[in-house]
Amino acid sequence: VVAGAVIFLSALLISIYIILSWNDMGENFIGFFPQRYRDDVVRLVAQMNGIFGGYLRATILTSVITGLATTISLGAFALISGRSCPYTYVIGLIAGLLYPIPLFGILASTVAGAVLGFMPENELGTGLWVGLIVFVVNCTLDRTLQPKLMGDAIGVSPLFVIFAAAAGGEFLGGVWGMLLGIPLAAMTK
């Protein structure tokens with residue numbers, strides 16, 4: 001969980017740094033091209049910047065929605081079943097922070113939810129239910145909302161988003177390939 005959170009925060013900080021210093025980096029990059037091609041390069045870089053920015057916005061929005069949906073679902077579970085889960089907000093925060101990490105995020109937040117659901121009363125049933133709820137919420141949003149938000153943000157279809165994530169994981173190498181596969185495929189398109 002800690003490693004996933006560190007990766008997420010590192011990616012967020014690097015992204016913020018790149019966004020803040022984009023103009024300086026862009027001017028240096030454009031200076032490498034002959035004068036007659038610079039306008040075309042500027043348009044292409046602006047499109048790529050829009051795609052990457054849209055990707056970041058969609059990822060952050062999906063993470064926030066995942067955390068909120070997990071928290072609300074666990075609150076509803078506590079009301080319906082009468083079983084208390086004092087770590088509902090912590091589990092929601094973990095689910096939101098780990099969501100952007102493909103495969104590992106869902107697995108880690110499910111395990112963390114199950115463990116934190118089990119801990120207060122040492123009740124295995126509550127832990128399993130909490131883990132199942134976290135898993136279902138994550139998978140549901142991952143299969144429905146995330147492709148739609150990502151597709152709208154970067155200007156491609158939701159099917160393209162699913163294909164790009166899978167292809168990135170296969171051809172670019174695991175988790176990092178899945179993270180970078182979507183914006184790279186959209187920029188290539």
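## A guided tour of the helices

Start by selecting D142, which is partly exposed, with a relative accessible area of 25%. Here, buried means under 20% relative accessible area, exposed over 50%, and partly exposed in between (1.4 Å probe, protein chains only). Add R143 to your selection: the side chains of D142 and R143 meet in a salt bridge, 2.8 Å from N to O. A salt bridge is a side-chain nitrogen of Lys or Arg within 4 Å of a carboxyl oxygen of Asp or Glu. R143 counts as exposed, at 55% relative accessibility.

Before moving on, note that this is a predicted model, in which local features need pLDDT of at least 70, side-chain atom pairs count only at pLDDT 80 or more, and totals for chains, interfaces and linings use all residues. Residues are numbered from 1 along each chain as its sequence is written, and side-chain values use heavy atoms, with hydrogens and water left out.

Now colour by pLDDT, the predictor's confidence in each residue, from 0 to 100. The chain has a mean of 83, and 96% of its residues reach 70 or more. Among its elements, helix α4 (residues 88-98) has the highest mean, 93, and helix α9 (residues 174-188) the lowest, 70. Helices are DSSP runs (H or I, at least four residues), numbered from the N terminus.

Next, select E123 and R83. They form a salt bridge with the closest N and O atoms 3.7 Å apart. This pair links distant parts of the chain, 40 residues apart: E123 is in the loop between α5 and α6, and R83 in the loop between α3 and α4.

For another pair, pick D40 and R43, whose closest N and O atoms are 2.3 Å apart in a salt bridge. Both lie in helix α3, three residues apart, about one turn of the helix.

Stay in helix α3 (residues 38-81) and find T62. Is T62 buried or exposed? T62 counts as buried, because its relative accessibility is 1%. A polar atom of the T62 side chain lies 2.7 Å from the backbone oxygen of A58. Not counting residues up to four places away in sequence, T62 touches Y99, Q146 and L149 (contact means heavy atoms within 4.5 Å).

Follow that contact to helix α7 (residues 145-154), where the buried residues include Q146 and L149. Just after α7, stop at G155, which takes a positive phi of about 80°.

Finish at M119, in the loop between α5 and α6. M119 is partly exposed, with a relative accessible area of 41%.

Notes:
Helices (H or I, at least four residues) and strands (E, at least two) are DSSP runs, numbered from the N terminus. A polar contact is a pair of N or O atoms within 3.5 Å; within protein, one must be able to donate a hydrogen and the other to accept it, and residues adjacent in sequence count only if both atoms are side-chain atoms.
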